[in-house]
Amino acid sequence: MNHLILINGKHEISGRFPICSFEDYMCITGFFLTSLITGSPTNRRVRDCFVFMKKRKADGSSPQLFSPVVGDRLSDLPDDLIGRIISFLPTPEAVLTSQLSRRWRRVWAHVGALNVCVRGCVRRHRACVLAREALARFTTPGIPSISVEIDGHVHATEAWYREAMERAVGSVRVTSLRELASLELPPCTRAEALAVASPGTVLALPDPAAGMAFGRLAELSLSSVQLTGAARPLGEFLWSCCPRLRRLRLCCVSGDAVRRLALRTDALEALDVNNVGDLTRLDVVAANLRRLSVRSCFRFPTGGEVSVSAPRMEAVLWYRSYPEQLDFGGDMTHVRRLAGLKLPALGRPDQFDAPYAVQLLRKCSLAEHLAMELVMPDEMALLNWLGPEQGACEDLIRHVPQLPNVSVLSLKLSWGFGGNIGPSLASLLSRAPSLTRLCIDASPYCFTVTESKEAAPPCGEYQWGHTRRDGELRLDRLREVSVDGLKGTDCEEYRILELLLGNVPPSLERLSLTFCGTAASIFDKMATEIPKHFPMAAGRWVRCPPSVLTWSKNSQAREAKKLRTK
């Protein structure tokens, strides 16, 4: 046990608390500083903070503890560490820490961040004065990190704003609390990272005649801005003014400048395009591009075109909508991660997501990590998809290629009335013979109705063994299986569990079944039935309250016992 005392005129924080880990100590130190600066009552809140920390230790999140040491641990921290903690405070409040003691008078000068926030400043003059004072007290000529939060009545044309952008040599973040009439791209020509977020604000790119270049910029993030009426397309600006750009992120960006996005650069390594609704064409030629993420950009039926040439691509993440034309030129054998795909188990191979998902699976067939959603449509969904004539409906899993290198597979299983997704799941798993880890998220979009023949039986009355065990399903390398989102009230869940537990290979080391939103009585019966029908003598079943059932090999018995006691 250690005794901490902090005294600063009006405040005295004392009490006996257990010695915590280094990470927890940093969090609590920041809490101390905030309490001292703001003048809020601290003693009771600090005790509550330590009680919460002890609960975290019980959960196993921070098992490492330091040996007890008597003394003033806060004063023993080096200036650079305290400066790191203070860097998360707005600069005016960071300056106020100089009033704590003599030792703290110049500690704030070691802070490598300038945080200017005008929240709460009703008058524009007051906000500008605070910003100028904070900037003047920052002694170093180059500022490693700048974060500016402006409001509608604070214009980015102020002198302090220009000076701050000129002194930025590291990361710059400019955000607004509300929509602004207009905003220019911050002129931080020496910065290495730039992020701009302003909801609905028209962001003006530098005019080509100005000759402004961001020669050191490596990361650029634009969020919730409009690039309307720009002097040139965004791709042209990046190619001419940002020659070293390695990471580009566009989130909820609209306007003419992003309608046809052409990126031709050898420096780009990561591209993240999220919810860019105006995008109609994406043309990427990047020799060193490693990661591509596209989410909700091409809205049906507007179409669109995508052409990507990246021979060193390692990760492709494509979520939801697809363009009419999708072309990945060149060799994609370097792709190791493929995520975001959605594949219906039944339907037409040329409809909706099916052709694009199959195309990406074939193009990236050597991937090692695969995350996708498998959907089993019900009769109503098929009728909406195919129309009255359902003769063209076929099994779409047979179009999926062999995936010999997939070792980690994350599946989201969705089904409607009737279900019967088990055969499609078995067919998909049979295409991944090297699978070592399987994660399944059960997410039915329609539960079975009680009036149908496939109604969920009362718990404890399901006849295990009716599902045919596929003898051809061989997963000899499978070591870990986890199934989340179980309810215990749907027949399809029983069939999925029977498929997985009935084809357990000798290599399996751990299996976890997590029930969500399940009544205690249902979980109790499921936790009794499953070990009874699938004993799996090589290990043991353990119930982990409140709603997790695990099976571990005998060599894992100690770990299972720890989970049960927590």
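**View 1. Serine 482 sits in strand S23 of this predicted model.** With a relative accessibility of 15%, serine 482 counts as buried. Strand S23 covers residues 480–486. Setting aside neighbours within four places in sequence, serine 482 is in contact with Leu438, Cys439, Ile440 and Ser512. Look for these four partners around the serine when you open this view.

**View 2. Leucine 511 is a buried residue of strand S24.** The strand spans residues 510–515, and leucine 511 has a relative accessible area of just 2%. Because buried means under 20%, that value places leucine 511 among the buried residues. Which residues touch leucine 511, apart from its neighbours within four places in sequence? They are Val481, Leu501, Trp541, Leu549, Thr550 and Trp551. Take valine 481 from that set: valine 481 and leucine 511 are 30 residues apart in sequence, yet their C-alpha atoms are 4.8 Å apart in space.

**View 3. Helix H10 is mostly covered.** This helix runs over residues 422–429, and seven of its eight residues are buried. The buried ones are Gly422, Ser424, Leu425, Ala426, Ser427, Leu428 and Leu429. What do the buried residues of H10 pack against? Their partners are three strands, S19 (369–376), S21 (408–415) and S22 (437–442), together with helix H11 (491–501). As a general reminder for reading helices, an α-helix has 3.6 residues a turn, so residues three or four places apart point the same way.

**View 4. The largest pocket has a volume of about 880 Å³.** Its lining is made of 37 residues, and those closest to the pocket centre are Arg320, Ser321, Tyr322, Lys342 and Asp353. Strands S17 (337–344), S18 (346–347), S19 and S21, along with helix H8 (354–363), each give two or more residues to this lining. Which element gives the most to the lining of the largest pocket? Strand S17 does, with six residues. By kind, the lining of the largest pocket divides into 20 nonpolar, eight polar and nine charged residues.

**View 5. The second largest pocket has a volume of about 300 Å³.** Among the 20 residues that line this pocket, Ala193, Leu194, Ala195, Glu219 and Ser221 are the closest to its centre. Strands supply much to look at here: S4 (143–150), S5 (168–176), S7 (193–204), S8 (219–226), S9 (247–251) and S11 (270–274) each supply at least two residues of the lining. The lining of the second largest pocket divides into nine nonpolar, five polar and six charged residues.

**View 6. The largest nonpolar core holds 131 residues.** Leu222, Leu234, Trp318, Leu438 and Leu513 touch the most other members of this core. Leucine 222 makes a good starting point for a close-up. Leaving out neighbours within four places in sequence, leucine 222 is in contact with Leu185, Val196, Leu203, Leu227, Arg249, Leu250, Cys251 and Val253. A second, separate core has 11 residues, including Leu100, Trp104, Val107 and Ala113. In soluble globular proteins, nonpolar side chains tend to be buried together.

**View 7. Cysteine 252 and cysteine 297 form no disulfides.** A search of the whole structure finds zero such bonds. Why is cysteine 252 not bonded to the closest cysteine sulfur? That sulfur belongs to cysteine 251 and is 3.9 Å away, too far for a bond, because a disulfide needs sulfur atoms within 2.5 Å. For cysteine 297, the closest cysteine sulfur is also in cysteine 251, at 9.5 Å, which is again too far for a bond. Is each of these cysteines buried or partly exposed? Cysteine 252 counts as partly exposed at 33% relative accessibility, whereas cysteine 297 is buried with a relative accessible area of 1%.

**View 8. Serine 224 and cysteine 252 have positive phi values.** Most residues other than glycine have a negative phi. Serine 224 is not a glycine, yet its phi is near 60 degrees. This serine lies in strand S8 and counts as partly exposed, with 28% relative accessibility. Cysteine 252, also not a glycine, has a positive phi of about 55 degrees. Where does cysteine 252 lie? Its place is in the loop between S9 and strand S10 (260–264).

Terms used. Residues are numbered from 1 along each chain as its sequence is written. This is a predicted model: local features need pLDDT of at least 70, side-chain atom pairs count only at pLDDT 80 or more; totals for chains, interfaces and linings use all residues. Side-chain values use heavy atoms; hydrogens and water are left out. Helices (H or I, at least four residues) and strands (E, at least two) are DSSP runs, numbered from the N terminus. Buried means under 20% relative accessible area, exposed over 50%, partly exposed in between (1.4 Å probe, protein chains only). Contact means heavy atoms within 4.5 Å. On a 1 Å grid over the protein atoms alone, a cavity is a set of points where a 1.4 Å probe fits but cannot get out, and a pocket is an open set with protein on both sides within 12 Å along at least five of seven lines; lining residues have an atom within 4 Å of a point. Grid points are joined across faces, edges and corners, and a volume is the space filled by probe spheres set on the points. Ala, Val, Leu, Ile, Met, Phe, Trp, Tyr, Cys and Pro count as nonpolar, Asp, Glu, Lys and Arg as charged, and the others, Gly among them, as polar. A nonpolar core is a set of buried Ala, Val, Leu, Ile, Met, Phe, Trp, Tyr and Cys residues joined through side-chain atoms within 4.5 Å.
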